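Subject: Structure handover

Hello,

Here is the structure for you to look at. Please open it next to this email and follow along.

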Amino acid sequence: MISKLKFLLMMSVFLLTFASTARAQTKEAELWETLKTGNSVALMRHATAPGTGDPPGFQVDDCSTQRNLDQEGREQARGIGERFRERGISKVKVYSSQWCRCLETARLLELGEVTELPDLNSFFNDRSTEEAQTANMREFIDSYTGELPLMLVTHQVNVTALTGIVPASGEIIVLRKTSDGVEVLGSIEN
């Protein structure tokens, strides 16, 4: 037989877990609503591409020299696009790093035409460009005046430099433009 104290402890854990899950679902719903506006930014790390960095001999214009999405990454990207459409977001303004794994992720989302933006390129192997690229991206985001939500598909190092967050593959950091730049509202994990 369960003692009253043990029962109360179990119920407390259950209620805390339930409340935490409910808050997380509410927060995610708020983030999706924010993404419907033109002053929001979906800053996304590319979908799953096994490994780290790029192999020796990497060339930006030759996918065979790069680390690329695997089947799981392709399915993940398609699924993320579907999540957008399920929430009433069928069209966004999409910019992508020129790396093949980012371009493929962006295209598989099927949320709009994909435009290459070199300032979204990874600086994982060359940190000398981090400060300039990050400043350029802040300026780009600040100057965006489109009516569609802005989607930026990039790399972990770029997301971290802009937000301080280390995202998982396919994770979306939701930003809102403010008079002082951008505010991190939260993330949508995939």
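The sheet comes first. In this predicted model, 6 strands form an open sheet with mixed pairing. Their order is 3-2-4-1-5-6. As background, strands of a sheet pair through backbone hydrogen bonds, either parallel or antiparallel.

Which strands stand at the edges? They are strand 3 (114-116) and strand 6 (181-188). Each has a single partner strand, so one side of each has no neighbour in the sheet. From one strand to the next, the twist averages 25 degrees.

Now look at one pair. Strand 5 (residues 172-178) runs antiparallel to strand 6, and the two pair over 7 bridges. Find V174: G186 in strand 6 stands opposite.

Helix 3 packs on this sheet. It touches strand 1 (40-45), strand 2 (93-96), strand 3 and strand 4 (150-154). The direction of helix 3 makes about 145 degrees with that of strand 4.

Next, the helix pair. Helix 2 (residues 71-86) packs against helix 3 (residues 100-109) at an angle of about 40 degrees. Their axes are 7 Å apart. Helix 2 and helix 3 are therefore oblique to each other. Their crossing is right-handed.

Which residues meet there? Helix 2 brings R74, A77, R78, I80, G81 and R85. Helix 3 brings E104, T105, L108 and L109. By type, the residues of this contact are 4 nonpolar, 2 polar and 4 charged.

Best wishes

Conventions
Residues numbered from 1 in each chain as written. Predicted model: local features only at pLDDT ≥ 70, side-chain atom pairs only at ≥ 80, totals over all residues. Heavy atoms only, no water. Axes fitted to C-alpha atoms, helices over the stretch in contact; angles between N-to-C directions. Helix = DSSP H or I, 4+ residues; strand = E, 2+ residues; numbered from the N terminus. Parallel < 35°, antiparallel > 145°, perpendicular 65-115°, else oblique. Left-handed = near helix turned anticlockwise from the far one by under 90°. Contact = heavy atoms within 4.5 Å. Nonpolar A, V, L, I, M, F, W, Y, C, P; charged D, E, K, R; others polar. Pairing = 2+ DSSP bridges.
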